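Student: I'm new to this structure and would like a close look at a single part of it. Could you walk me through that part slowly?

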Amino acid sequence: MVANRKRRNKVIFKGTGFGWFAVPRYFLGDESNRGKFFKMAASPDLRLYVVLLSESGKAGEAVVTIGNDHLMRFAGLNRTYLPRARKALVKAHLVRAKRMGMRTYRYEILGAEGRSL
């Protein structure tokens, strides 16, 4: 007989309750080898958001600083669509973005109702 075990939901950022689910590597890929997700008809906003979630999950922090060049390569965005996608995510209260240099932004993943995690 197998003992009943309580399953805990894993969280991306400790103490926030912000849950996660596994994304297979071949689906998202990486900067040099983009996966199946980027071959789908996903909007620029969605591609940017998924990449930001991936990068913040790797870092284990809700706040990450990422260069525009990295985001453009990984998310498959150009100089026109990256700013538009960033503005759309900020407007939707999914992220907070602050310019940190000429080509770098600090992104904060936001929780419910646009609040900090």
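Student: How many bridges join strand β2 to β3, and in which sense do the two strands run?

Tutor: Happy to help, and please keep in mind that this is a predicted model. Strand β2, residues 95-99, is joined to β3 by 5 bridges, and the two run antiparallel. The link between β2 and β3 is a hairpin of 4 residues. To find one rung of this pairing, look for arginine 96, which stands opposite glutamate 108 in β3.

Strand β3 also pairs with β1, again in the antiparallel sense and over 5 bridges. Glutamate 108 turns up here too, as the bridge partner of valine 63. Another rung sets glycine 67 against threonine 104 in β3.

Now follow the side chains along β1, where they alternate. Val64 and Ile66 point to one face and are buried, while Val63, Thr65 and Gly67 point to the other face and are not.

Next, pick out tyrosine 105, which has its place in strand β3. Tyrosine 105 has a relative accessibility of 13%, so it counts as buried, the cut-off being under 20%. In sequence, tyrosine 105 and glycine 67 are 38 residues apart, yet their C-alpha atoms are 6.3 Å apart in space. Leaving out residues up to four places away in sequence, tyrosine 105 touches Val64, Thr65, Ile66, Asn68, Arg86, Ala97, Lys98, Arg99 and Met100.

Tyrosine 105 also helps to line the second largest pocket, along with residues including Asn68, Arg86 and Arg99. That pocket holds about 180 Å³ of space. Its lining divides into 4 nonpolar, 2 polar and 5 charged residues. Helices α3 and α4 each supply at least two of the lining residues.

Strand β3 has a part in the largest nonpolar core as well. This core has 22 residues, and those with the most contacts inside it are Leu48, Leu52, Leu71 and Tyr107. At least two of its residues come from each of α2 (44-59), β1 (63-67), α3 (68-75), α4 (81-91) and β3 (104-109). In soluble globular proteins, nonpolar side chains tend to be buried together. For a view from inside this core, try leucine 52: setting aside its neighbours within four places in sequence, leucine 52 is in contact with Ile66, Leu71, Leu89, Val95, Tyr107 and Ile109.

To retrace the path, β3 pairs with β1, is joined to β2, and supplies at least two residues of the largest nonpolar core.

Definitions and conventions. Residues are numbered from 1 along each chain as its sequence is written. This is a predicted model: local features need pLDDT of at least 70, side-chain atom pairs count only at pLDDT 80 or more; totals for chains, interfaces and linings use all residues. Side-chain values use heavy atoms; hydrogens and water are left out. A nonpolar core is a set of buried Ala, Val, Leu, Ile, Met, Phe, Trp, Tyr and Cys residues joined through side-chain atoms within 4.5 Å. Buried means under 20% relative accessible area, exposed over 50%, partly exposed in between (1.4 Å probe, protein chains only). Contact means heavy atoms within 4.5 Å. On a 1 Å grid over the protein atoms alone, a cavity is a set of points where a 1.4 Å probe fits but cannot get out, and a pocket is an open set with protein on both sides within 12 Å along at least five of seven lines; lining residues have an atom within 4 Å of a point. Grid points are joined across faces, edges and corners, and a volume is the space filled by probe spheres set on the points. Ala, Val, Leu, Ile, Met, Phe, Trp, Tyr, Cys and Pro count as nonpolar, Asp, Glu, Lys and Arg as charged, and the others, Gly among them, as polar. Two strands pair if DSSP finds at least two bridges between them.
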